[in-house]
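Please walk through this structure with me, beginning at the bound ligand and then moving outward to the charged pairs of the protein.

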Amino acid sequence: MTRTIGVSGLGSIGRQHADAFRSIPDVRVVAFEPAPALRESALAEGRADVVHATFPALLAERPDAIVIAAPDPAHLAQLGDATAAGIPVLVEKPLATDAASAAAALPGLEATGTPVVVGYVLRHRRAVQRSRALVADGAIGEPVSFQILLGAYGTITAAANRFATPEPDRLYRDYSHEWDYLRWILGPVREVLAVARTTPAVPHVESPNLVDALLVLESGVVGAVHLDYVEPAGTRLLTIVGTEGILMTDVARGRVTVRRAGADDAVEDLAEPPSAPLTRQAAHLLAVADGREAPVAGLRDGLAALEVAAALIRSAPGRTWEKVS
Ligand SMILES: NC(=O)c1ccc[n+]([C@@H]2O[C@H](COP(=O)([O-])OP(=O)(O)OC[C@H]3O[C@@H](n4cnc5c(N)ncnc54)[C@H](O)[C@@H]3O)[C@@H](O)[C@H]2O)c1
């Protein structure tokens with residue numbers, strides 16, 4: 001049986017979603033893209049069977065599920081329309097432009113009973129899944145501290161269209177991935193302290209482009225996070241210190257290392273192309289739409305990540321400790 005997936009927004013990530021679904025047998029892609037040139041190129045490249053010029057026209061196709069890969073300000077409205085029509089959704093992160101509007105929309109979205117997956121694709125990355133399993137299995141004993149390092153100047157060039165529109169504090173939301181996988185592995189964040197800076201020493205200057213933060217988790221675990229739109233090589237590292245060892249995950253390059261006293265490092269190479277977790281997430285959406293799986297990352301997870309971002313944004317101006325709602 002052929003299933004139809006609707007993709008809203010054929011920009012940088014929307015095109016990757018379309019390709020991920022097209023790589024799955026018996027899936028047909030239809031789309032909505034407001035830019036005429038992108039509509040034409042998507043058809044010419046065979047990325048979608050049909051590309052509509054309005055979102056209602058995409059909904060009228062009654063696809064089996066919809067991916068919302070539109071700019072952040074469109075996420076909640078399209079999510080509202082799709083869930084009200086009973087069409088399961090994968091909405092790209094962040095769920096909304098801010099935590100308050102996401103929190104206000106959540107009850108209505110949940111009341112529809114339509115399943116929603118939030119695009120925290122790192123939950124489908126093997127190195128992250130393995131790290132979570134190692135922590136849960138006690139491979140490093142009890143976690144006591146962590147460090148996260150994210151260097152992402154490359155995102156600015158990879159998603160140039162999105163970065164052409166100025167958006168203050170984008171770094172906290174763009175990398176809400178970090179707030180999500182941290183919570184998935186180590187539990188919710190209770191309190192944060194952020195120091196934000198803006199260096200002009202790069203060609204494209206986001207404000208801020210450097211954030212360093214301390215996070216206190218509900219469990220009492222404390223950790224430091226560094227995010228930037230400065231470092232050009234592309235780095236995403238997670239280190240978790242435990243009572244019986246240390247876990248060091250190179251998320252970007254797929255290398256997971258467990259070090260314990262008196263033993264050789266246990267190193268696992270879980271490298272994979274970026275399309276692999278995206279395709280896993282696509283298969284997950286199909287399973288959610290069929291009722292075979294519950295969303296791995298759902299609306300509450302989308303809101304939780306935005307709440308951490310909001311607390312950090314409140315903290316930075318006065319360098320004050322802020323509680324996460
Ligand atoms: N999960 C991830 O790793 C990841 C990666 C990149 C982007 N994203 C998210 O995906 C979204 C899109 O990012 P991008 O980098 O592809 O941006 P982009 O600017 O490259 O693409 C956005 C596309 O949406 C189109 N568009 C504009 N208004 C629209 C509307 N109302 N409905 C549908 N389409 C509309 C634009 O014409 C453009 O083609 C953002 O929310 C971003 O945060 C997630």
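**From the ligand to the salt bridges**

In this predicted model, an N or O atom in the side chain of His177 lies 3.2 Å from an oxygen atom of the ligand. The backbone also takes part, for a backbone N or O atom of Ser12 is found 3.0 Å from an oxygen atom of the ligand, and a backbone N or O atom of Gly119 is 3.3 Å from a nitrogen atom of the ligand. Taken on its own the ligand has 840 Å² of accessible area, of which the protein covers 84%. Two or more residues of the surrounding shell come from each of the elements α1 (12–22), α4 (75–84) and α8 (160–163). Sorted by class, that shell holds eleven nonpolar, nine polar and five charged residues, and of the 25 residues around the ligand those that come nearest are Glu33, Asp72, Glu92, Asn161 and Arg162.

Glu92 deserves a separate look. This residue sits in the loop between β5 (89–91) and α5 (99–111), and it is buried without having a salt bridge, the nearest side chain of opposite charge being that of Lys93 at 5.6 Å. The side chain of Glu92 does, however, make a polar contact of 2.7 Å with the side chain of His17.

His177, met above at the ligand, is one of the buried residues of α10. Ten of the eleven residues of this helix (residues 176–186) are buried, so α10 is largely enclosed by the rest of the structure. After α10 comes Gly187, with a positive phi near 100 degrees.

Arg183 of α10 counts as partly exposed, at 25% relative accessibility. Its side chain forms a salt bridge with Asp301, in which the closest N and O atoms are 2.9 Å apart. Because Asp301 lies in helix α12 and Arg183 in helix α10, the pair ties together parts that are 118 residues apart in sequence. Asp301, which is buried with a relative accessible area of 15%, also forms a salt bridge with Arg123, where the closest N and O atoms are 3.5 Å apart. Since Arg123 belongs to the loop between β6 (116–118) and α6 (126–136), while Asp301 is in α12 (residues 299–315), this second pair ties together parts 178 residues apart in sequence.

A salt bridge within one helix is formed by Asp19 and Arg22, with an N to O distance of 3.0 Å. Both residues lie in α1, three residues apart, about one turn of the helix. Asp19 is partly exposed at 27% relative accessible area, and Arg22 is partly exposed at 39%.

How values were computed:
Residues numbered from 1 in each chain as written. Predicted model: local features only at pLDDT ≥ 70, side-chain atom pairs only at ≥ 80, totals over all residues. Heavy atoms only, no water. Near = heavy atom within 4 Å. Polar contact = N/O pair within 3.5 Å; in protein donor to acceptor, adjacent residues only side chain to side chain. Areas by Shrake-Rupley, 256 points an atom, 1.4 Å probe, with all protein chains shown as cover. Helix = DSSP H or I, 4+ residues; strand = E, 2+ residues; numbered from the N terminus. Nonpolar A, V, L, I, M, F, W, Y, C, P; charged D, E, K, R; others polar. Buried < 20%, exposed > 50% of the residue type's maximum accessible area, 1.4 Å probe, protein only. Lys, Arg positive; Asp, Glu negative; His and termini not counted. Salt bridge = Lys/Arg side-chain N within 4 Å of Asp/Glu carboxyl O.
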